Amino acid sequence: MRGVVNTTFQNGRGFTLIELLVVIAVIGILSTVVLSSLNNARDKARFAKSSSQFKSFHHALELYLLENDGVYPGDVDRGIPSGLESYLASDDWPNGPWSGSVYDWDNWTINGEKVYQISVRFCPPGGPIGACNFPNEIWAQDFSVNSAVYYCFEGTCRSHVNEPVDYPGLCVNCHD
């Protein structure tokens, strides 16, 4: 074995436990930063997808109204109205862009006023709040069981028929 030199431990010293822990901690911090950035980008992409799907629904509804003498489809509980799917692109309706969310067509009469909107709901009907899957966004921080992201077509739109106009929610096309 003469002439064979162990170059790995030439000076007789390897990495210390502290050095290894520091490297692992730095890698952990960097991965946390990267994952956080990816989650933020993913949340923004979901909102962009919902905005795009709201616009698709708007165009589909315009075609539906033309062919149905301006009569809006009836209310649907957690879904889209029958007959509208032929006007929509092959998106995964009624599933919403956020995990566990669904689209919900709303045709309500509130205090004699007609309200037409499409909503994205994050909770099963009636809750419980623990079963809700709200977006991790500033605009959703105060969301509750009947909160929604919604696109208003006509009337005084809101998160839910049984809630006041100022109940937590987000209207994507309403102007203050």
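Trainee: What makes Ile18, Val22, Val26 and Leu30 a nonpolar patch on the surface?

Mentor: Keep in mind that this is a predicted model. Patch residues need over 30% relative accessible area, and nonpolar side chains are joined within 5 Å. Together, these four have about 380 Å² of accessible area. Take Val26, which lies in helix H1 (residues 17-67): its relative accessible area is 43%, so it clears the 30% bar.

Trainee: Why is Val26 called partly exposed?

Mentor: Buried means under 20% and exposed means over 50%. Val26 comes out at 43%, so it falls in between.

Trainee: Let's move to the rings. How many aromatic pairs are there in the whole structure?

Mentor: A search turns up 17.

Trainee: Why is the pair of Trp105 and Tyr116 called stacked?

Mentor: Ring centres must lie within 6.5 Å, and stacked planes are under 30 degrees apart. Here the centres are 6.4 Å apart and the planes sit at 15°, so the pair is stacked. Trp105 is in strand S1 (residues 102-110) and Tyr116 in strand S2 (residues 113-121), 11 residues apart.

Trainee: And what makes the pair of Trp105 and Phe153 tilted?

Mentor: Their planes are at 55°, so they fit neither the under-30 class nor the over-60 one. The centres are 5.8 Å apart. Phe153 lies in strand S3 (residues 148-154), so this pair ties together parts 48 residues apart in sequence.

Trainee: How do you know that Trp105 and Phe153 are buried?

Mentor: The cut-off is under 20%. Trp105 has 0% relative accessibility, so it counts as buried, and Phe153 has 18%, so it is buried too.

Notes
Residues are numbered from 1 along each chain as its sequence is written. This is a predicted model: local features need pLDDT of at least 70, side-chain atom pairs count only at pLDDT 80 or more; totals for chains, interfaces and linings use all residues. Side-chain values use heavy atoms; hydrogens and water are left out. Patches are made of residues with over 30% relative accessible area and no salt bridge: like charges are joined within 9 Å, nonpolar side chains (Val, Leu, Ile, Met, Phe, Trp, Tyr) within 5 Å. Accessible areas come from the Shrake-Rupley method with a 1.4 Å probe; for residues, only the protein chains shown count as cover. A salt bridge is a side-chain nitrogen of Lys or Arg within 4 Å of a carboxyl oxygen of Asp or Glu. Helices (H or I, at least four residues) and strands (E, at least two) are DSSP runs, numbered from the N terminus. Buried means under 20% relative accessible area, exposed over 50%, partly exposed in between (1.4 Å probe, protein chains only). Rings of Phe, Tyr and Trp (its six-membered ring) pair if their centres lie within 6.5 Å; planes under 30 degrees apart count as stacked, over 60 as edge-to-face and the rest as tilted.
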